[in-house]
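Welcome! Take a moment to look over the sequence and the fold below, and then we will walk through them together, starting from one turn.

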Amino acid sequence: QVQLVESGGGLVQAGGSLRLSCAASGRIFRTYAMGWFRQAPGKEREFVSAISWTGDKTLYADSVKGRFTISRDNAKNTVYLQMNSLKPEDTAVYYCTTATMWPPSKYEFWGQGTQVTVSS
């Protein structure tokens, strides 16, 4: 089992920045690829970004490419999502997740989510 706890969400104006964190506990964190998904009201959960277990490979959705940066600190069992130039359409609940393959195709453990609201 892996337990994931997201933090760092909040309310920000368009053009602003937030950094999300996901703290992991349980199984060896560094063996998992990590990902971020988001779900806006009335919409399906969508992929945002992922990072390999070594941190040398990353993936981004086209909608966030160039604005969001994923990173990880295996010593702290934490993955981050730096979000810059935020837009109202980035408003969603953001979820952290784990994957055992790269590139990730199947996600196993999920956090409870953190709300990000971007006002126009």
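## A hairpin to start from

Let's begin at a turn: in the hairpin formed by E7 and E8, 4 residues lie between the strands, and Asn77 takes a positive phi near 55 degrees. The labels follow a simple scheme: helices (H or I, at least four residues) and strands (E, at least two) are DSSP runs, numbered from the N terminus. This is a predicted model, in which local features need pLDDT of at least 70 and side-chain atom pairs count only at pLDDT 80 or more, while totals for chains, interfaces and linings use all residues. Residues are numbered from 1 along each chain as its sequence is written, and side-chain values use heavy atoms, with hydrogens and water left out.

Strand E7 covers residues 68-73 and pairs with E8 in the antiparallel sense over 6 bridges; two strands pair if DSSP finds at least two bridges between them. Along this pairing, Ile70 stands opposite Leu81 of E8, and Ser71 has Tyr80 of E8 as its bridge partner.

## Strand E8 and its other neighbour

What lies on the other side of the story? Strand E3 (residues 18-26) also pairs with E8 in the antiparallel sense, over 6 bridges. Here Ala23 has Thr78 of E8 as its bridge partner.

How many residues of strand E8 are buried? In this strand, which spans residues 78-83, 5 of the 6 are buried, so the strand is mostly covered. Buried means under 20% relative accessible area, exposed over 50%, and partly exposed in between (1.4 Å probe, protein chains only).

## The sheet

These strands belong to an open sheet of 4 strands, in the order E1-E3-E8-E7, with antiparallel pairing. At its edges are strand E1 (2-7) and E7, each pairing on one side only. Neighbouring strands of the sheet are turned by 15 degrees against each other on average, direction ignored; the axes are lines fitted to C-alpha atoms, for helices over the stretch in contact, and angles run from 0 to 180 degrees between N-to-C directions.

## The whole chain

Stepping back, the protein chain has 11 strands and 0 helices. Its radius of gyration, taken over C-alpha atoms, is 13 Å, close to the 14 Å from the globule rule (2.2 Å times the number of residues to the power 0.38) for 120 residues, so the chain is as compact as a globular protein of that length. The C-alpha trace spans about 40 × 25 × 25 Å along its principal axes. Of the 120 residues, 43% count as buried.
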